[in-house]
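Biologist: I have a model open and would like to talk through the terms people use for it. Shall we take them one by one?

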Amino acid sequence: YRDGDRIVVSPSAPVRRGDRVVVQTTDGEIMAKELKRQTNRTVELVSLNADHADRVLPVADVAWMARIMWVSQ
């Protein structure tokens, strides 16, 4: 996504592997990534931007995760 794009997310939409999501950590970090895998213990995220690394977060560190439904480009 580019600077200035507007992202619409749905906190109530089910999130599945391969979905693009917005995640906020309990530390307040917000990121847009692709959901690679979610288990009872971890959330694995693939970066959409080559400048940023993929992430594996403990579930306890995820404040919320919402599926991206629409982006203005």
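**Charges, fold and core**

Modeller: Gladly! The mean positions of the 11 positive and 10 negative charges of the protein chain lie 7 Å apart. Lys and Arg count as positive, Asp and Glu as negative, with His and the chain ends not counted; a charge is placed at NZ of Lys, CZ of Arg, CG of Asp or CD of Glu. This is a predicted model, where local features need pLDDT of at least 70 and side-chain atom pairs pLDDT 80 or more, while totals for chains, interfaces and linings use all residues. Numbering runs from 1 along each chain as its sequence is written, and side-chain values use heavy atoms, without hydrogens and water.

Biologist: What makes the radius of gyration of the protein chain agree with a compact globule?

Modeller: The rule, over C-alpha atoms, is 2.2 Å times the number of residues to the power 0.38. For 73 residues that gives a value near 11 Å, and the protein chain has 12 Å, so the two agree.

Biologist: Which pattern does the protein chain follow along the sequence?

Modeller: β-β-β-β-β-β, with zero helices and six strands. Helices (H or I, at least four residues) and strands (E, at least two) are DSSP runs, numbered from the N terminus.

Biologist: Which residues make up the largest nonpolar core?

Modeller: Nine residues: Val21, Val23, Met31, Leu35, Val43, Leu45, Leu57, Val62 and Met65. Strands S2, S3, S4 and S6 each supply at least two of them. Such a core is a set of buried Ala, Val, Leu, Ile, Met, Phe, Trp, Tyr and Cys residues joined through side-chain atoms within 4.5 Å; buried means under 20% relative accessible area with a 1.4 Å probe, protein chains only.

Note on methods:
Buried < 20%, exposed > 50% of the residue type's maximum accessible area, 1.4 Å probe, protein only.
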